[in-house]
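Let's take a walk through this structure together. We'll look at the spaces inside, then at what is packed around them, and finish with a few individual residues.

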Amino acid sequence: MADTTISQHGQWSSRFVFILAATGSAVGLGNIWKFPYIVGENGGGAFVIVYLFCVIGIGIPIMMAETMLGRRGRHSPINTMEILTSEAKADPNWHYLGWMGVIAGFLILSYYSVIAGWALAYTGKAFFGSFFGESASGIATLYDNFIASPWQQIFWHTVFMTATMAIVVRGVESGLEKSARFFVPILFVLLILLVGYAMTKESYYFQGLHFLFNFDFSKLSGDSVLVAMGQAFFSLGLGMGAIMMYGAYLPKDISIAKTSMIIAGADTLVALLAGIAIFPLVFANGLTPADGPGLIFKTLPIAFGNMFGGWLVGILFFVLLFFAALTSAVSLIEPAVAWLVEAHKFDRYKACVWSGLLTWGLGVGVALSFNLWSGLKLFGHNLFGLVDYLTSNLMLPIGGFCIAVFAGWIMQQQHSESELAVSSPQFYQLWKFSVCYIAPSAVFLVFLHVVGVI
Ligand code: PHE
């Protein structure tokens with residue numbers, strides 16, 4: 001039976017390491033770059049509260065479900081779904097869920113790598129003092145010129161993809177695990193330092209807090225609810241098999257419920273801290289919170305260029321943004337690499353080269369959508385916007401929906417019970433109720449709303 005073996009790719013050496021690695025996957029650009037700007041675009045506090053509901057009501061139960069499926073299957077999501085489908089004697093089409101995950105991982109990483117490349121480029125700018133004494137408009141020009149250059153975009157994207165693949169090729173213990181052990185704790189320390197700096201901006205600090213936590217529901221549209229749900233999936237790293245893959249490397253005796261709550265809590269904390277650190281700087285510098293994807297690249301450098309010790313803090317911030325992205329990027333590509341090794345008997349190196357090259361190619365298209373191809377619009381979005389919308393707002397929630405349905409309705413109760421092994425039967429029932437009813441119907445209702453049925 002699958003549940004007594006360990007994965008052929010290796011396994012986490014402890015519970016703590018799994019928490020670090022999964023937190024590394026969860027905490028990334030989604031928390032530090034995306035969360036603040038979509039909160040800004042969606043009017044602030046009301047969006048945050050909807051987001052928190054999504055994390056607790058949908059995110060945690062689905063994270064438990066996805067980790068559980070991974071640990072029971074012990075393979076890449078594609079093969080895990082195949083194994084679990086036959087174990088449950090279910091319709092073989094369920095294994096397409098694994099495929100959708102791998103494809104979503106490619107798509108996400110293609111743009112993720114471009115934005116992470118910005119973090120790298122900005123590390124260099126911070127180091128060479130490009131922000132020094134600059135005003136808001138000077139920093140905005142710096143940003144505009146940077147994204148207008150196709151070669152710079154492609155260069156930094158290439159560097160980031162190479163760094164990601166250099167970790168993945170080393171495997172579970174020496175690659176994924178070591179990088180998480182090192183980078184994740186440092187990220188927390190740095191964020192706390194930045195929040196400390198924002199606190200010194202007193203009145204702006206409170207304005208920032210007010211923006212994040214005032215619940216003005218009139219600012220909330222139906223689309224914002226979809227965006228909040230999509231962001232919860234994206235930020236927790238759910239619905240595409242990343243946490244399923246990490247679950248496959250999880251030793252048998254570790255509690256999935258506890259670790260899921262810790263990981264989701266840490267991820268949410270980082271997103272909120274990032275907002276608390278960033279909005280005071282936005283207000284203090286007369287910028288608008290609804291500035292879109294450029295938000296942190298246009299705001300924080302102003303502070304770094306003008307604050308005491310800003311040179312060092314600026315470098316550290318962007319280095320750590322890069323590290324946060326790196327520990328997420330490895331989880332986006334690991335399912336594809338593991339699958340190539342399992343199904344095509346590739347060695348890890350060859351699997352990394354092929355999957356890395358494919359993602360890189362897609363990423364070049366995304367990089368160009370900020371400049372040469374910016375006029376090219378599909379369904380009202382440029383390529384970057386389209387890939388982001390398609391993955392965060394459609395593929396991840398659909399993936400999450402199917403994972404919940406599979407864990408709740410298709411998998412035999414005795415299997416989910418033994419895999420989750422929670423001590424309290426009431427807690428198991430609560431989880432089961434959530435994956436059977438709450439999570440699927442919440443995702444479904446949001447979709448109905450978006451297509452205009454309700
Ligand atoms: N959770 C990561 C972030 O917030 C991105 C991610 C998405 C990672 C999906 C894995 C799976 O940046």
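A good place to begin is helix 8, which gives the most to the lining of the second largest cavity, with four residues. Keep in mind as you look around that this is a predicted model. Helix 8 runs over residues 171-199, and along with helix 14 it is one of the elements that give two or more residues to that lining. The residues around this cavity are Ile32, Leu187, Leu190, Leu191, Leu194, Phe317, Leu320 and Leu321. By class, that makes eight nonpolar, no polar and no charged. The space they enclose has a volume of about 40 Å³.

How many cavities of 30 Å³ or more are there? The count comes to four. The largest cavity has a volume of about 130 Å³, and 19 residues line it. If you want to find its middle, look for Ser25, Tyr112, Phe234, Gly237 and Leu332, which lie nearest its centre. Several helices meet here: helix 1 (15-26), helix 2 (29-41), helix 5 (96-127), helix 10 (222-236) and helix 14 (310-344) each supply at least two residues of the lining. This lining has a mix of classes, with eleven nonpolar residues, eight polar and no charged.

Now for the pockets, which are open rather than closed off. The largest pocket holds about 390 Å³ of space. It is lined by 20 residues, and the ones nearest its centre are Tyr37, Glu41, His381, Gly385 and Asp388. Helix 16 (383-410) is among the helices that supply at least two residues of this lining, together with helix 2 and helix 10. Of the elements around this pocket, helix 16 gives the most, with six residues. What classes of residue make up the lining of the largest pocket? There are six nonpolar, ten polar and four charged residues.

The second largest pocket has about 230 Å³ of space. Its lining includes Ile56, Gly57, Ile60, Pro61 and Met64, as well as Met261, Trp431 and Ile438. Helix 3 (45-73) and helix 18 (425-450) each supply at least two of the lining residues, and helix 18 gives the most, with six. By class, this lining has ten nonpolar, two polar and no charged residues.

So much for the empty spaces; what about the packing? The largest nonpolar core has 169 residues, and those with the most contacts inside it are Trp12, Leu69, Tyr246 and Phe297. Helix 14, which you've already met, gives the most to this core, with 20 residues. For a closer view, pick out Phe297. Leaving out residues up to four places away in sequence, Phe297 touches Trp33, Ile115, Trp118, Ala119, Tyr122, Ile139, Tyr143, Phe318 and Leu321. One of these, Leu321, also lines the second largest cavity.

Helix 15 is worth a stop too. It covers residues 348-368, 21 in number, and reaches 30 Å from its first C-alpha to its last, close to the 30 Å expected at 1.5 Å a residue. Its buried residues include Arg348, Cys352, Ser355 and Thr359, and also the run Gly363, Val364, Gly365, Val366, Ala367 and Leu368. Which elements cover the buried residues of helix 15? Among them are helix 5, helix 7 (150-168), helix 8, helix 14 and helix 16.

Let's go back to helix 18 to find Ala442. Ala442 has a relative accessibility of 21%, so it counts as partly exposed, since buried means under 20%. Setting aside neighbours within four places in sequence, Ala442 is in contact with Ile58 and Met229. The C-alpha atoms of Ala442 and Phe401 are separated by 9.1 Å, and the two residues are 41 apart along the chain.

Finally, two lysines catch the eye for their backbone angles. Most residues other than glycine have a negative phi. Lys89, in the loop between helix 4 (77-87) and helix 5, has a positive phi, near 50 degrees. Lys345 has a positive phi as well, near 55 degrees, and its place is in the loop between helix 14 and helix 15. Are these lysines buried or exposed? Lys89 counts as exposed because its relative accessibility is 71%, and Lys345 counts as exposed at 68%.

Technical notes:
Residues are numbered from 1 along each chain as its sequence is written. This is a predicted model: local features need pLDDT of at least 70, side-chain atom pairs count only at pLDDT 80 or more; totals for chains, interfaces and linings use all residues. Side-chain values use heavy atoms; hydrogens and water are left out. On a 1 Å grid over the protein atoms alone, a cavity is a set of points where a 1.4 Å probe fits but cannot get out, and a pocket is an open set with protein on both sides within 12 Å along at least five of seven lines; lining residues have an atom within 4 Å of a point. Grid points are joined across faces, edges and corners, and a volume is the space filled by probe spheres set on the points. Ala, Val, Leu, Ile, Met, Phe, Trp, Tyr, Cys and Pro count as nonpolar, Asp, Glu, Lys and Arg as charged, and the others, Gly among them, as polar. A nonpolar core is a set of buried Ala, Val, Leu, Ile, Met, Phe, Trp, Tyr and Cys residues joined through side-chain atoms within 4.5 Å. Buried means under 20% relative accessible area, exposed over 50%, partly exposed in between (1.4 Å probe, protein chains only). Contact means heavy atoms within 4.5 Å. The expected span of a helix is 1.5 Å times one less than its number of residues.
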